[in-house]
Amino acid sequence: MPDPSFGPLLPREGDVAVCASERLTDGGSGVRFAVQTRSGRATRPSTGFVVRFLGTVYGYLNQCAHVPTELDWQEGQFFDHSGLYLMCATHGAVYEPESGRCVGGPCRGGRLLALQVLECQGMVYWRPDDAFLPPDRALIQTHARKQ
Ligand code: FES
């Protein structure tokens, strides 16, 4: 399982620019983005999200470990009122932001699926892999590492 925050690395070709760093405040709103999940030859449209917690950006597939539904009760609202845990709006499962591990509610023992993200020079990037792909690479902004 990828580390949900594996900085400090530099963006490389194929990384997807998700948002400006300033959009993510600690324990505040997150940013959703389109993802395709792949299982064997099948792909399925989904969403991922990034949030900031204790200064670090974390990324996950936007899918509860209890029932495969999106977590946010309003777009981008992933934290509970305390700003300490990610919460599923459907049945109230709570997750540690830094690990994605479920620590309360009906998902106990489960965890969110981590996406690889990094933050560099005021931007947050998602690094696709074999399991999580951009929906249409032709339409997204990529960042090539400067040599
Ligand atoms: S669907 Fe998330 S807690 Fe049930």
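What percentage of the 147 residues in the protein chain is buried? In this predicted model, buried residues account for 35% of the chain.

**Overall architecture**

The protein chain contains 11 strands and 0 helices. Its order along the sequence is β-β-β-β-β-β-β-β-β-β-β. Of the contacts between residues at least 6 apart in sequence, 58% join residues at least 24 apart.

**Strand E4 and its partners**

Strand E4 covers residues 56-61, and 5 of its 6 residues are buried, so the strand is largely enclosed by the rest of the structure. E4 is joined to strand E3 (residues 42-53) and also to E8. The two pairings are set out below.

| Strand pair | Bridges | Direction | A bridged residue pair |
|---|---|---|---|
| E3 and E4 | 6 bridges | antiparallel | Arg 52 with Val 57 of E4 |
| E4 and E8 | 2 bridges | antiparallel | Tyr 60 with Ala 114 of E8 |

E3 and E4 form a hairpin with 2 residues between the strands. Leu 54 in this hairpin adopts a positive phi near 50°.

**Glu 119 in strand E8**

Strand E8 spans residues 114-120 and includes Glu 119. Why is Glu 119 classed as buried? The residue has 21 other C-beta atoms within 10 Å, and a residue counts as buried because 20 or more such atoms lie within that distance of its own C-beta atom. Glu 119 also illustrates a separation in sequence set against a distance in space: Val 18 is 101 residues away along the chain, while the C-alpha to C-alpha distance between the two is 9.9 Å.

Note on methods:
Residues numbered from 1 in each chain as written. Predicted model: local features only at pLDDT ≥ 70, side-chain atom pairs only at ≥ 80, totals over all residues. Helix = DSSP H or I, 4+ residues; strand = E, 2+ residues; numbered from the N terminus. Buried ≥ 20, exposed ≤ 12 C-beta atoms within 10 Å, placed from the backbone. Contact = placed C-beta atoms within 7 Å. Pairing = 2+ DSSP bridges.
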